[in-house]
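Welcome, and thanks for taking a look with me. Below are a few numbered points to help you find your way around.

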Amino acid sequence: MRLIDADKIDFGKVFIGASDFAKDTREAAQKLIDEQPTAYDMDKVVGQMEEYIKESSNVDYNRAMIEAIEIVKSGGIE
C-alpha cells in the first residue's frame, strides 16, 4: 500500500482530449479515486498521540511522542 495526494492529480493531463470518451474516462477515474477510503486521518492520529502525552509523566516518552508527532505531520519527508 502507498499513500497518494489525490487532490494533486490533474485528470486533464492524464486523460487528454475533448471527446466524450476522454471526458467520461476522466470522470470515472476521479470518482474511483475519490471513493477510496483514507488510509489514516492525520489529525486524529496526532490528537491521540497528544492525549498519550497528557496522560504520561515519563519525560523521555513524551519527548519521543513529540518527535513522532512532527514526523507524522511532515509525512515522513525530510
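1. Is K54 buried or exposed? K54 counts as exposed, because its relative accessibility is 65%. Please keep in mind as you read on that this is a predicted model.

2. Let's stay with K54 for a moment. Its side chain meets that of E51 in a salt bridge, with 3.5 Å from N to O. Both residues belong to helix α3, where E51 and K54 are three residues apart, or about one turn of the helix. An α-helix has 3.6 residues a turn, so residues three or four places apart point the same way. E51 has a relative accessible area of 39%, so E51 is partly exposed.

3. How many salt bridges does a search of the whole structure find? The search finds two. Besides the pair in α3, the side chains of R63 and D60 meet in a salt bridge at 3.4 Å, N to O. These two sit in helix α4 (residues 59–74), and because they are three residues apart there, about one helical turn separates them. Both R63 and D60 are exposed.

4. Now turn to helix α2, which covers residues 20–34. With 15 residues at 1.5 Å a residue, α2 should span 21 Å, and its end C-alpha atoms are indeed 21 Å apart, so the two values agree.

5. Which residues of α2 are buried? They are A22, R26 and A29. These residues cover an arc of only 70° around the axis, which means that they lie on the same side of α2. On the other side of α2 you will find exposed residues: D20, F21, K31, L32 and D34.

6. What covers the buried residues of α2? The cover includes α1 (11–14). A good residue to click on here is F11, which lies in helix α1. F11 is buried because its relative accessible area is 10%, under the 20% cut-off. Leaving aside neighbours within four places in sequence, F11 is in contact with R26, A29, Q30 and I33. By contrast, F11 and G47 are 33 Å apart in space, C-alpha to C-alpha, and 36 residues apart in sequence.

7. Finally, have a look at the surface. L3, Y40 and M42 make a nonpolar surface patch of about 280 Å². Of these, M42 is placed in helix α3 (residues 42–55). M42 counts as partly exposed, because its relative accessibility is 32%.

Note on methods. Residues are numbered from 1 along each chain as its sequence is written. This is a predicted model: local features need pLDDT of at least 70, side-chain atom pairs count only at pLDDT 80 or more; totals for chains, interfaces and linings use all residues. Side-chain values use heavy atoms; hydrogens and water are left out. Patches are made of residues with over 30% relative accessible area and no salt bridge: like charges are joined within 9 Å, nonpolar side chains (Val, Leu, Ile, Met, Phe, Trp, Tyr) within 5 Å. Accessible areas come from the Shrake-Rupley method with a 1.4 Å probe; for residues, only the protein chains shown count as cover. A salt bridge is a side-chain nitrogen of Lys or Arg within 4 Å of a carboxyl oxygen of Asp or Glu. Helices (H or I, at least four residues) and strands (E, at least two) are DSSP runs, numbered from the N terminus. Buried means under 20% relative accessible area, exposed over 50%, partly exposed in between (1.4 Å probe, protein chains only). The expected span of a helix is 1.5 Å times one less than its number of residues. The arc is that of the directions from the helix axis to the C-beta atoms. Contact means heavy atoms within 4.5 Å.
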